[in-house]
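Got your viewer open? Let's take a walk through this one, stop by stop.

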Amino acid sequence: MDQKVFFLELNEFNQDLLVKGATDLSLKNLEKLVSLNKMSTLTEDTYESDFLEPWVQWVTVHTGTPSSHHKIKHLGDVPHLGTDQIWEALSKKGISSGIWGAMNASRGAAENCLFFVPDPWTVSEKGYPDELNALLDPIRYVSQNYLNRSNLKLLKKVGSLLQLIFKNRLGWKLLKEIPLLIKNIVQYKAKSFVFISFADYLSTLLFLKYKKRFNPDFSLVFLNSLAHLQHHHWKELDPTQNRPIVYGLKYLDRILGEIFREIGENEVLLVANALSQKNTNEEHPWILYRQIDQSSFLNAIGIKHAKVESLMTHDAHIFFNHEEEASIAQKKLASIEILGKKLFLIEDYPQDKNKLFYRICFTDAVFDDTSFIVDGEKMRFFDLFQPIVQRTGKHIPEGTLFFNHGKKSLQIKNHDIFNWVLDLFP
């Protein structure tokens, strides 16, 4: 197989932000990206439908089916997916792949998928080969223990990751990066975006090592740092006046430089976002809250459960030993109100009666003494919850696809990207 295709999933990027940042900050790799051929992408899902989420739209891209067909609605629901993903369809044709960080995805039945790294939040999926779980473990530990974690446990997992890094001869590059990381941690007071941008950079370096070693026909890597910055730090529209955005764009430019150096001369490059974001500074404040500790919260309100799997931010899966416990928990969580509004969105799983999905759907500002009532007991909100961010970016159905080869059109729907990729291989 002579054809090579590289698919960069640059999650939720805003095209205007990229273009202005590339020009005004003189970022040569970003300038190269935004100068490629482009078309708009579109999903018919709306913000109110609960399907306008990246963990839904990337499933649509990966399977070639709209959400109305695949019906995957939450992170971690991929075990219920009944449709082939791009790499599974390619594998059936004898075409090899290497998949890195794909959101809400599994290796599935793709025997010709030579290496696979799932996203950190889909805990049912493991890395392949097994050594790649050393990359996943520390990220998953942080995401599962976002506000309440043991530094000792985290250090042990980081130790395994360091072994993987040195095994792949990236130790010297990492050591050169550490002083800059420390400087940025101090300068930006250990804000999450510093670590997320660094993680994207380190992940890309590892991915490129595996790409070079295994030489797959189809390569895919997912990056999330810019989406995080837009959601959390997009407080000025002009990127040059926004220090966190400038930081993220410069890091992204470095990442793109690493990628461009490794892409073959005739390799097809696709860069998509699945959906974009618009700035929300002029909208009513939308505040994201998260439980300080998921299990402690459930215990505090008297809900028996077997375990909790935190998802990306303000949502989680709860698992129970008995169907009756799940039913009681669903009713109790659905009944909780704060300032006259529902605190949670609750959904069950017909195929798994011992599992619930729940998400904090309350987004208004609250006072220090704001409380809610469960079973007649008054509970202070901030004893159990903590604000994460006042959102600065909101999902929109439109997106962008940059490419250096292939058919040109004004617009393509997300589910049609699947067939476009398949058609690139004769």
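Which residues is glutamine 85 in contact with, leaving aside its neighbours within four places in sequence? Select glutamine 85 and have a look around: the list is His62, Thr63, Val78, Ala105, Ser106 and Phe418. Keep in mind as you click that this is a predicted model.

While you're here, colour the loop between α4 (67-70) and α5 (86-92), as that is where glutamine 85 sits. Switch on a surface and glutamine 85 should be hard to spot: its relative accessible area is 2%, and under 20% counts as buried, so buried it is. Then draw a distance from its C-alpha atom to that of arginine 107: you'll get 8.6 Å, for two residues 22 apart along the chain.

Next stop, helix α6, residues 133-144. Put a ruler on it: its end C-alpha atoms are 15 Å apart, which agrees with the 16 Å that its 12 residues should span at 1.5 Å a residue. Now show side chains for Asn133, Ala134, Leu135, Leu136, Pro138, Arg140, Tyr141 and Ser143, which are buried in α6.

Now for some helix pairs. Select α11 (residues 243-262) together with α1 (residues 15-24): their axes are 11 Å apart and the packing angle is about 80°, so the two helices are roughly perpendicular to each other. Zoom in on the contact, where Leu17, Leu18 and Gly21 of α1 meet Ile245, Leu249 and Leu252 of α11. By class, that contact of α1 with α11 has 5 nonpolar residues, 1 polar and no charged.

Keep α11 and swap α1 for α8 (residues 171-187). Here the axes come within 13 Å and cross at roughly 170°, so α8 and α11 are roughly antiparallel to each other. On the α8 side, pick Lys173, Glu177, Leu180, Asn184 and Gln187; on the α11 side, pick Arg243, Tyr247, Tyr251, Arg254 and Glu258. This contact of α8 with α11 divides into 3 nonpolar, 2 polar and 5 charged residues.

Last stop: α9 (residues 192-214) and α10 (residues 225-233), packed at an angle of about 165° with their axes 9 Å apart. That makes α9 roughly antiparallel to α10, and their crossing is left-handed. Show Ser192, Phe193, Ile196, Ser197 and Asp200 from α9, then Ser225, His228, Leu229 and His233 from α10, to see what makes the contact. The tally for α9 with α10 is 3 nonpolar, 5 polar and 1 charged.

Key
Residues numbered from 1 in each chain as written. Predicted model: local features only at pLDDT ≥ 70, side-chain atom pairs only at ≥ 80, totals over all residues. Heavy atoms only, no water. Axes fitted to C-alpha atoms, helices over the stretch in contact; angles between N-to-C directions. Helix = DSSP H or I, 4+ residues; strand = E, 2+ residues; numbered from the N terminus. Parallel < 35°, antiparallel > 145°, perpendicular 65-115°, else oblique. Left-handed = near helix turned anticlockwise from the far one by under 90°. Contact = heavy atoms within 4.5 Å. Nonpolar A, V, L, I, M, F, W, Y, C, P; charged D, E, K, R; others polar. Expected span 1.5 Å × (residues − 1). Buried < 20%, exposed > 50% of the residue type's maximum accessible area, 1.4 Å probe, protein only.
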